[in-house]
Amino acid sequence: MPYSYDTDNIFAKILRGEIPNDTVLETEHSLAFNDIRPQAPIHVLVIPKGAYVSYDDFASNASDAEILDYTRAIAKVCEMKGVAAEGFRMISNAGAHGVQEVPHLHVHILGGRGLGRMLERG
Ligand code: 5GP
């Protein structure tokens, strides 16, 4: 099975209420919360409530309702944080080459300062 979901990952524990989070937005199918180790003045993680490992897993297997909710939740967080005017970056790491630390889909929304070039070699 290409997408094997680990129910013990830290974001699954957040969704089950087993560990706390600093919630920015909660919708029917999505949760957004501040990153515990922020790398910019604004650093919000947006996750679906469903058990999806990565963006490609989600885009392939989630329902239309989940995809709509998640996409709109990302837009709502951008609006709430006011990042559209000055710009922001969205990142979704996947797998070993993507250096994904937590194996539950999350989009990082980073903003509040100039973020530099997208990738450094190495
Ligand atoms: P990844 O490398 O998987 O794309 O990013 C995982 C992110 O999750 C990191 O930015 C890390 O700081 C964040 N993170 C890890 N554990 C926790 C946690 O328990 N709470 C919160 N709010 N963020 C976490």
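Student: Which backbone oxygen does the side chain of glutamine 100 reach at 2.9 Å?

Tutor: A polar contact is a pair of N or O atoms within 3.5 Å; within protein, one must be able to donate a hydrogen and the other to accept it, and residues adjacent in sequence count only if both atoms are side-chain atoms. Here, the partner is the backbone oxygen of valine 53. A polar atom of that glutamine 100 side chain also lies 3.0 Å from the backbone oxygen of valine 102. This is a predicted model: local features need pLDDT of at least 70, side-chain atom pairs count only at pLDDT 80 or more, and totals for chains, interfaces and linings use all residues. Residues are numbered from 1 along each chain as its sequence is written, and side-chain values use heavy atoms, with hydrogens and water left out.

Student: Is glutamine 100 buried or exposed?

Tutor: Buried means under 20% relative accessible area, exposed over 50%, partly exposed in between (1.4 Å probe, protein chains only). Glutamine 100 counts as buried because its relative accessibility is 18%.

Student: What does glutamine 100 touch, not counting residues up to four places away in sequence?

Tutor: Contact means heavy atoms within 4.5 Å. For glutamine 100, the list is Val53, Asn93, Ala94, Gly95 and His106.

Student: Which side chains have polar atoms by the ligand's oxygen atoms?

Tutor: Aspartate 35 has a side-chain N or O atom 2.5 Å from a ligand oxygen. For asparagine 93, a polar side-chain atom lies 2.8 Å from an oxygen of the ligand, and histidine 106 has a side-chain N or O atom 2.8 Å from a ligand oxygen.
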